[in-house]
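Me: Could you walk me through this structure, starting with its ligand?

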Amino acid sequence: MSLPSRVQLIDVGPRDGLQNEKQPVPAAVKIALVHRLQAAGLTEIEVTSFVSPKWVPQMADNAEVMAGIQRQAGVRYSVLTPNLQGFEAALKTRPDEIVVFGAASEAFSQKNINCSIAESIERFAPVVQAALAAGIAVRGAMSCTVGCPYEGDVAPERVAYLAGLMKQIGVQRVDMADTIGVGTPLKVQKAIEATLQHFDVDHVCGHFHDTYGQALSNTLAALQMGVWNFQSSVAGLGGCPYAKGATGNVSTEDVVYMLDGMGIATGIDLDMLVDAGAFISDFLGRAPNSNVAKAILNKRAG
Ligand code: HMG
Ligand code: MG
């Protein structure tokens, strides 16, 4: 078994995490979270999304958050852009990478972005072109690659179909997302295999929600296939407002602890990461949704 010696983590907490919070989180808190993540050694942070504020009110302060960040050299700041309107607003805030986001299931595409898979690709194509012309990197998120809250199981063929479309329009790398955290290792490996029909392993990221507690196992299953890019969320924040009942991404703390224990480098300081998670969890008025963070905080308290 050959495992990667290094893993690149993208913390999606400020975006995927906070988009799901009912209580308003002030821009200053979001900015402080980003600062704490970069101080802990995160070199990729998904900061916000340029979506309709009617659909996701929590992300309405996108431009303010992007403007407030003190950027650190070597850190990549990404934002979600579902259409040209979102891209044009995002462009003014100088993101390093934009993310178009589609789904392997038709029903989720309709519920999340109000169009079919084919229509979504038509909308994304000019966004991708404009981003690449502006020197901005492009990632494509693929939701529901294992299961869909509306359609149930999703076949790997659907994943391969979407990955092929993403490749055709010029997306540089894709996120294989288990939106509702129903995946188990062999199913996740099949979805990754399907993605690998169109993208090489260096351009596939694992994005695992932890609803059923399988995300770390799924991360290991992906590592065993050579995947070394993953998204995770500090304090396990998150979920998708259009995937009811789905909980947050696997916590960055849990992933870093596992990788540290396996001798796989991440460049992240676990103690400072736990501090970042405690900061946002204190603001939200609850404990971090991370076993590792809870264990470390308990140990410190004891
Ligand atoms: P729509 O209603 O079909 O859009 O929504 P429209 O083009 O018909 O425009 C309707 C109104 O929205 C207009 O305003 C537009 O100006 C406005 P009005 O005239 O009514 O005042 N509008 C926008 N405003 C701001 N920014 C924009 C924008 N576009 C239109 N970019 C739309 C289509 C895509 C906009 C909508 O469905 C939407 O915003 N969806 C976002 C849903 C979302 O953010 N979901 C969560 C992120 S995805 C996720 O979490 C999954 C992921 O983590 C991976 C995984 O786990 O699976 C990535
Ligand atoms: Mg997600």
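Me: Which pocket does ligand 1 take up?
Reply: Happy to help! This is a predicted model, with local features needing pLDDT of at least 70, side-chain atom pairs counting only at pLDDT 80 or more, and totals for chains, interfaces and linings using all residues. Residues are numbered from 1 along each chain as its sequence is written, ligands are numbered from 1 in written order, and side-chain values use heavy atoms, without hydrogens and water. The space that ligand 1 takes is the largest pocket.

Me: How far is the side chain of H207 from an oxygen atom of ligand 1?
Reply: For K54, a polar side-chain atom is 3.0 Å from an oxygen atom of ligand 1. For H207, the distance from a side-chain N or O atom to an oxygen atom of ligand 1 is 2.9 Å.

Me: How much of the accessible area of ligand 1 does the protein cover?
Reply: Accessible area here comes from the Shrake-Rupley method with a 1.4 Å probe. On its own, ligand 1 has 1100 Å², and the protein covers 75%.

Me: Which residues does L273 contact, leaving aside neighbours within four places in sequence?
Reply: Contact means heavy atoms within 4.5 Å. On that basis, the partners of L273 are L37, A40, L42, V234, T252, E253, V256 and I268.

Terms used
Polar contact = N/O pair within 3.5 Å; in protein donor to acceptor, adjacent residues only side chain to side chain. 1 Å grid on protein atoms, 1.4 Å probe; cavity = no way out; pocket = protein on both sides within 12 Å on 5 of 7 lines; lining within 4 Å. Sits in = over half its atoms within 2 Å of the grid points.
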